[in-house]
Amino acid sequence: MLLRSLTRFSSNASTSLFFRRFPRSYFSRSSPATGRNIRRLSAAGTGSELFLRRGLRLLPAAASGCLSGQFSRAVSTQTAPSYPGQDEAEKLGFEKSREEFISECKSKAVLFRHKKTGCEVMSVSNDDENKVFGVVFRTPPKDSTGIPHILEHSVLCGSRKYPLKEPFVELLKGSLYTFLNAFTYPDRTCYPVASTNTKDFYNLVDVYLDAVFFPKCVDDVDTFQQEGWHYELNHPSEDISYKGVVFNEMKGVYSQPDNILGRITQQALCPENTYGVDSGGDPKDIPKLTFDKFKEFHRQYYHPSNARIWFYGDDDPVHRLKVLSEYLDMFDASPARDSSKVEPQKLFSGPRRIVEKYPAGGDGDLKKKHMVCLNWLLSEKPLDLQTQLALGFLDHLMLGTPASPLRKILLESGLGEALVNSGVEDELLQPQFSVGLKGVSDDKVQKVEELIMSTLRKLADEGFDTDAVEASMNTIEFSMRENNTGSSPRGLSLMLQSIGKWIYDMDPFEPLKYEEPLKTLKARIAEEGSKAVFSPLIEKFILNNPHCVTIEMQPDPEKASQEEVEEKNILQKVKASMTDEELAELARATEELRLKQETPDSPEALKCVPSLNLSDIPKKPTYVPTEVGDVNGVKVLRHDLFTNDILYTEVVFDMGALRHELLPLVPLFCQSLLEMGTQDMSFVQLNQLIGRKTGGITVYPFTSSVWGSDVPCSKIIVRGKSMVGRAEDLFNLMNCVLQEVRFTDKQRFKQFISQSRARMENRLRGSGQGIAAARMDAMLNAAGWMSEQMNGLSYIEFLHTLEQKVDQDWEGISSSLEEIRTSLLSKNGCIVNMTADGKSLTSTEKFVGKFLDSLPEKPSGGQVTWDARVPLRNEAIVIPTQVNYVGKAANIYSSGYKLDGSSYVISKHIGNTWLWDRVRVSGGAYGGFCDFDSHSGVFSFLSYRDPNLLKTLDIYDGTGDFLRGLDVDEDTLTKAVIGTIGDVDSYQLPDAKGYSSLLRHLLNVTDEERQIRREEILSTSLKDFKEFAEAVDSVRDKGVAVAVASQEDIDAANKERSDFFEVKKAL
């Protein structure tokens, strides 16, 4: 996973040092569809789980930036940890460098140094049961062959103690991990794991330590070829091709214009140091990497002297050092720490300009598809903490919300469709700031540049509105104190914050302590005024900074095909240079590698990977305290949980009275509620008021099938959070948003359309598997059709039509938005969900009652029947890309399958064995996986950044035979069951628990049913696998295929299988 610091966007939360929660873009060992921390389909990213996986359809745009993570520390059931004293640490080979209590995270942090190697260890102890370990190496590359990235993939493919093909996959199968992955930044590589089970946690730690220090890959060229690159030749008469997981992953990255811009930006700002190359690897350069260079990179940098190691949680701090000493004592000191240092980029004496091309589709007016971005390297040296914090606030003030002036002025100018690559980036050695627009006409590029500079000049001269500063301060401070890390472990967030300084030999404690610098900044603003604080920053770091690079990206409809031709020409020359004997040997080597990849490890080899026993698994699911009550005739769910004085609430409205033709307008309706004004307030004032009084309000649609019912669940959810003392403000503002906002601002609505279209087109290029999955669901059930109308290909097509319609019929569109409101808002069918401690829930009830009394009794329309579908057919969606996203799905309930919990064990096993080996390892795709939506009955296969198309579909079709021929031993079966329980029992903190309980209520999932499914999971047998083969065969025989792919690959597929796909052009 490559942490690409410069693939940026402006969000509702600053990404500066103290507010950074999780890397915004990265390359990882597992794809976005693999691994519990990424894969789990949850309610808007909260990490919440129903009784099993999937079945939830949420619109990320509508829910963007708002769905809260989890707050409050988990209560440990363990005894208080014993802290190693100096003598004890000395016996284990460590010396204590520093010790502090970090009040911000209620943790005792001790920095140790391993005396023999110099390895530094940060040991953070608290009562959080979600334990985190990480080892980080500084890995600065000298070229764009992708060595750090390929090595990150490869070290987890077997090691000294665990000499099987992929211990990483065995951990995916049978661990209770809450995080399991690895990722590569431009200058470092991180290997983090997390688990709430102590035995499981140390199993993960041992596998990772052995993997990084003693990997098999440095002696195994096959792993290098599999994960990096190799020539593939199936027969001497055929063409040679490139294959490799990272090679194809990076082809996907280089198919996305925003990613291309990010890479060019980083390299243009820092041409003289390690940031001037791509640590992930440029597909044109990856084939230049040799196995010898690969081995040498590991020898040079993967050494304890160059490592920073992190522990966090409620485990025994002494045991941490004991585990580490067993590994570190095997090494002597190395000069790696000095040789890996990142040299700073010297500041330019004057601005520079770069013009580059990006691959674009041939449809539409390409003259309006330019991108332009202004970028500054802010300092030659790392900034002091106070300046960095102030820059983070400035970033939020300028770009962090729709009301932020720089963001607002750029979007309202009509010069572009959406922001691109915008914001402060401080994860690398030197901070950067960028701001840009995409969807710009070629004759407006200069005007965009002028507008950016003039707006920054005006902000420096005039400063910021007092309410804007207060709103920004409250938003950021709320976020910092809530410590909202979403579904990622808190300890991982803290590790990434700490490592941002530590990796450059600076203070690892400093990033964890925000109270004093925040207090100082607030005092400065109070005493001197915000203008005195922020204007000098704009002047110094931006306006008067000569180190500025302007990048213009021009669309090129020929670029993708030209690159494919160039690659083919290179490969043709390679083949032409080979003798018949060499070609025969390459074909033999190709087959030998494929056979090795597809041959499973022996049961004896698999036993070496440590795992839990079924006796370690709780027999009952986690139950959330839920009291179902009534306030003024409306159902209210109360969850009495400790939330540290924060109230989390959801108000749910039914979409059952909404006319079908209005459905595609719903996402824009949700955005309008939060980004248009009322009669008394502009949208800026409303946005600032929400920021000053609450932790945020969001509105988004939710749709899902309901097991055992033909009627889908379709809701609008209004979600908010505030301090309990601000509960009245929260409900008043929810009411204001829902009932007082006026749909009268045509120009803003046009901006919403442009932003949505740009976002969806970016999703189509970068997450095509999601578009394919939505399209298949839309063919197979009503809930899928509803979701696809609001977040799929149909929605993209609707936005194109709507863009033309706004000027012609704004009055009609405005009226439709009002009709949506009157169709939704009603006490009838409304549900309120609240999570806080019991006393706070009681004190809040009167504000809930007042809010509900303001709602109409009934919606304006009658109930509507939702039974539409997209026509059932194989579809290929054409985009300019170098990789494909291939899906196939069917409703297995329609073929007679009856739901059983074993299906979750089986589908997980299929993904982690058959699909991993055939689609990813052998096929070269970045990811291959399957999913079973137990609510609808849809079983789907999907691939991610896949070089193949029909070949992948054939692999899907072979799944039934794979299950019939399966012979799993008891250990393998136990691992599969435990891994599935890990999915079901996803780690949640209070707000996520309350939200999960709401979703179960909406989908009629009872605790009794959860217990039944759990028992079925725990009792899964080999017989269940064999019987499930018939259900999977129905996907082969009756399934529908949808691919998001290049025109060339689709044409080849339709030539090989006559008119297999109906073709739709999307870009």
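## A tour from Asn1004 inwards

Start by selecting Asn1004: at 54% relative accessibility, this residue counts as exposed. Here exposed means over 50% relative accessible area, buried means under 20%, and partly exposed is in between (1.4 Å probe, protein chains only). You'll find Asn1004 in the loop between helix H35 (990-1002) and helix H36 (1007-1018). Its phi is near 60 degrees, a positive value in a residue other than glycine.

Before moving on, a word about what's on your screen. This is a predicted model, in which local features need pLDDT of at least 70 and side-chain atom pairs count only at pLDDT 80 or more, while totals for chains, interfaces and linings use all residues. Residues are numbered from 1 along each chain as its sequence is written, and side-chain values use heavy atoms, with hydrogens and water left out.

**Zoom out**

Now show the whole thing as a cartoon. The protein has 38 helices and 30 strands; helices (H or I, at least four residues) and strands (E, at least two) are DSSP runs, numbered from the N terminus. Its radius of gyration is 28 Å, close to the 31 Å that the globule rule gives for 1067 residues, so the protein is as compact as a globular protein of that length. (That radius is taken over C-alpha atoms, and the rule is 2.2 Å times the number of residues to the power 0.38.) Along the principal axes, the C-alpha trace spans about 80 × 65 × 65 Å. Of the 1067 residues, 67% count as buried.

Turn on the surface if you like: the accessible area comes to about 36,000 Å², and 49% of that belongs to carbon and sulfur atoms. The areas come from the Shrake-Rupley method with a 1.4 Å probe; for residues, only the protein chains shown count as cover.

**Select 291-301**

This is helix H9, whose buried residues are Phe291, Phe294, Phe297, His298 and Tyr301. Why do they sit on the same side of H9? They cover an arc of only 125 degrees around the axis, which puts them there; the arc is that of the directions from the helix axis to the C-beta atoms. Spin the helix around, and on the other side you'll see Asp292 and Arg299, which are exposed.

What do the buried residues of H9 pack against? Bring up strand E6 (131-138) and helices H3 (147-154), H5 (198-213), H6 (221-227) and H11 (336-339): those are the partners. Contact here means heavy atoms within 4.5 Å.

**Select Lys165**

Hop to the loop between H3 and helix H4 (167-174), where Lys165 is found. Lys165 is partly exposed, with a relative accessible area of 24%. Now add Lys596: the two are 431 residues apart in sequence, yet 9.3 Å apart in space, C-alpha to C-alpha. Leaving aside neighbours within four places in sequence, the contacts of Lys165 include Cys157, Gly158, Lys596, Glu598 and Asp917.

**Select 548-556**

Next up is strand E18, where nine of the nine residues are buried. Both faces are covered: Cys548, Thr550, Glu552, Gln554 and Asp556 on one side, Val549, Ile551, Met553 and Pro555 on the other. In a regular strand the side chains alternate between the two faces of the sheet.

Which way do the partners of E18 run? Strand E13 (352-359) runs parallel to E18, joined by eight bridges, with Val355 opposite Glu552. Strand E14 (370-377) pairs with E18 in the antiparallel sense over six bridges, and there Trp376 stands opposite Cys548. Two strands pair if DSSP finds at least two bridges between them.

**On to the open sheet**

Look for six strands in the order E27-E28-E26-E29-E25-E30, an open sheet with mixed pairing. Its edges are strand E27 (927-933) and strand E30 (1062-1065), each pairing on one side only. From one strand to the next, the twist averages 15 degrees. Inside the sheet, E25 (875-878) and E29 (1040-1045) run parallel and are joined by four bridges; Ile877 stands opposite Val1044 in E29.

Then select 902-922. That's helix H31, which packs on the sheet, touching E27 and strand E28 (938-944), and its direction makes about 160 degrees with that of E27. Axes are lines fitted to C-alpha atoms, for helices over the stretch in contact, and angles run from 0 to 180 degrees between N-to-C directions.

**Last stop: Asp645**

Finish in the loop between strand E20 (634-640) and strand E21 (646-654), where Asp645 lies. Its phi is near 70 degrees, a positive value in a residue other than glycine. Is Asp645 exposed or partly exposed? At 40% relative accessibility, Asp645 counts as partly exposed.
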